[in-house]
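Subject: Handing over the structure, with notes on what was found

Dear colleague,

I am passing this structure on to you, and I would be glad if you kept it open beside this email while you read. The sequence and the structure come first, and my notes come after them.

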Amino acid sequence: MAIGTGLDAIAQSGFESLLGKRIGLVCNQATVDRQGIHILDHLLVLHQSNALTLQAVFGPQHGIWGHTQDNMIEWEGYLDPRTEIPFFSLYGQHREPKEEWLRGLDVLVLDLPDIGSRYYTFLWTMALCLKACQAIGLHALILDRPNPIGGTKVEGTVGKIEFKSFVGLYPLPMRHGMTLGEVARYLKQNYFPNVSLEIEQVRSWSRSEEFESSGQIWAMPSPNMPTVDAARVYPGACLLEGTNLSEGRGTTRPFEIVGAPFLDSWKFADALSVMNLEGVIFRPITFQPTFQKHAGEVCGGVFVHVLDREVFEPVITYFALLQIAWKQSAGKMMWNDPPYEYEETLLPFDILAGNDWLRPAIETGIPISEVRERMSSELILFLPNRLSSLVY
């Protein structure tokens, strides 16, 4: 039986719960139903027939149509020529919607395809929308979607509040194993108790199911998330953004391709292979990014092939990769300087890690077993909070 998203469910009802209301919509280019029809196209027909009023549309990082690359400063707002509806950006100067943008709405509808990682900024766009809704008493409706990398596994560090940023505004594990709606419930229970929140639930989804069995199409949620395979490694691979290693941006397989001009592909792959990390192999490759880090330079590195999703640990795998790269780089691997995601003082790697202990663990070669144990101790404290937020 095909899995139905919250969008599929509400579309099947003819958007009955929204009829006669003034709506704000938070979405992007991947907010499509099982047939690939965008939510905006569904609602536009009803708007044009006066069955409801679509008053404003809001886009997260990369824009409503996913056309801007990472960390680009985006437009604030404009009148969309196709729909004649005001479009506003929630990434840039205003990451929390301004009160004047929400004034007069009856409901703010949010449908943002997430990929199951703390760093993915769509989570935090949702969080700031809930904050804004609570402040003015606006009802929030989340159209939920399955977690594409499954809803059972939880991994990595739990971000500390003193390292909060737009890649982690509130404590959450690197791989959280929740849906967007469940994260919203967690935020309501702990931070926004008075927000009026409704979740249109996913139909026929089991927590252990990953994207391939969903019956949904993969619409790229961001420019460098071309496949679900990229999403599967992302809970660990995003840490590379805090370094001068290429995470494969400027190639066709970002986050699965890793390297730098100062690394030897075969030496790098051999060192990783002897670590016997579960569910993964490392194939030596040479690549030349077309943009971003090391653009136009020949890089040595590896392609990370996940062979067994059940035992693969993305955070531990990429931690090991960073340790080996640090050791083999002869002092050429560096930690990037701020700013990063609007934080001006903290090192980018530390805000991605959510702490200041993971970076020294890479530099000093602390055994993986000790790192896993420390991560587990953080998760144990968080898991009861997660459990109380689960819907499925």
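The notes below go through aromatic rings, strands, unusual backbone spots, and then cavities and pockets.

Please keep in mind throughout that this is a predicted model, and that the residues are numbered from 1 along each chain as its sequence is written.

Aromatic rings

A pair of aromatic rings is described by the distance of the centres and the angle of the planes. When the whole structure is searched in this way, 19 aromatic pairs are found. One of them is formed by Y170 and Y191, whose ring centres are 4.3 Å apart and whose planes make an angle of 40°, which counts as tilted. Where do the two partners, Y170 and Y191, sit in the chain? Y170 belongs to the loop between β7 (155-158) and β8 (173-175), while Y191 belongs to the loop between α5 (180-190) and β9 (197-200), so the pair ties together parts that are 21 residues apart in sequence. Y170 has a relative accessible area of 17% and is therefore buried, since buried means under 20%, whereas Y191, with a relative accessible area of 30%, is partly exposed. Both residues also belong to one aromatic cluster, which is made up of W124, Y170, Y186, Y191, F192 and F382.

Rings can also have a charged group placed over them, and R95 is the residue to look at for this. The charged end of R95 sits over the ring of F166, 5.9 Å from the ring centre, and R95 also lies over the face of Y342, at 3.7 Å from the centre of that ring.

Strands

If you turn to the strands, β4 (residues 86-89) is a good place to begin. With β2 (53-59), strand β4 pairs in the parallel sense over 3 bridges, and in this pairing V57 stands opposite F87 of β4. With β3 (residues 77-79), strand β4 pairs in the antiparallel sense, again over 3 bridges, and here the bridge partner of Y78 is F87 in β4. F87 thus appears in both descriptions, opposite V57 and as the partner of Y78. The strands β3 and β4 form a hairpin with 6 residues between them, and E84, which is in the turn, has a positive phi of about 60°.

Unusual backbone spots

Most residues other than glycine have a negative phi, and most peptide bonds are trans. With that in mind, which bond is cis, and which residues does it join? The cis peptide bond joins P338 and P339, with omega at about 5°, and P339 lies in the loop between α8 (314-328) and α9 (348-353).

N50 is not a glycine, and yet N50 has a positive phi of about 65°. This residue is found in the loop between α2 (39-48) and β2, and N50 is exposed, with a relative accessible area of 70%. S204 is likewise not a glycine and has a positive phi of about 65°. The loop that holds S204 runs between β9 and α6 (228-237), and S204 counts as partly exposed, at 35% relative accessibility.

Cavities and pockets

How many cavities of 30 Å³ or more does the search give? The count comes to 4, and about 230 Å³ of space lies in the largest cavity. This largest cavity is lined by 20 residues, of which P113, R145, F211, I217 and W218 are the closest to its centre. By class, its lining has 12 nonpolar, 4 polar and 4 charged residues.

The largest pocket holds about 230 Å³ of space. Its lining consists of R95, E96, L128, K131, K164, S165, F166, L169, Y170, E341, Y342 and E343, and by class this gives 5 nonpolar, 1 polar and 6 charged residues. You will recognise several of these from the section on rings, among them R95, F166, Y170 and Y342.

The second largest pocket holds about 190 Å³ of space. Of the 15 residues that line this pocket, G4, D8, A9, Q12 and R34 are the closest to its centre. Helix α1 (residues 6-12) gives the most to the lining, with 4 residues, and by class the lining has 5 nonpolar, 6 polar and 4 charged residues.

With best wishes

Notes: Predicted model: local features only at pLDDT ≥ 70, side-chain atom pairs only at ≥ 80, totals over all residues. Heavy atoms only, no water. Phe/Tyr/Trp six-rings, centres within 6.5 Å; stacked < 30°, edge-to-face > 60°. Helix = DSSP H or I, 4+ residues; strand = E, 2+ residues; numbered from the N terminus. Buried < 20%, exposed > 50% of the residue type's maximum accessible area, 1.4 Å probe, protein only. Lys NZ or Arg CZ within 6 Å of the ring centre and 35° of its normal. 1 Å grid on protein atoms, 1.4 Å probe; cavity = no way out; pocket = protein on both sides within 12 Å on 5 of 7 lines; lining within 4 Å. Points joined across faces, edges and corners; volume = space filled by probe spheres on them. Nonpolar A, V, L, I, M, F, W, Y, C, P; charged D, E, K, R; others polar. Pairing = 2+ DSSP bridges.
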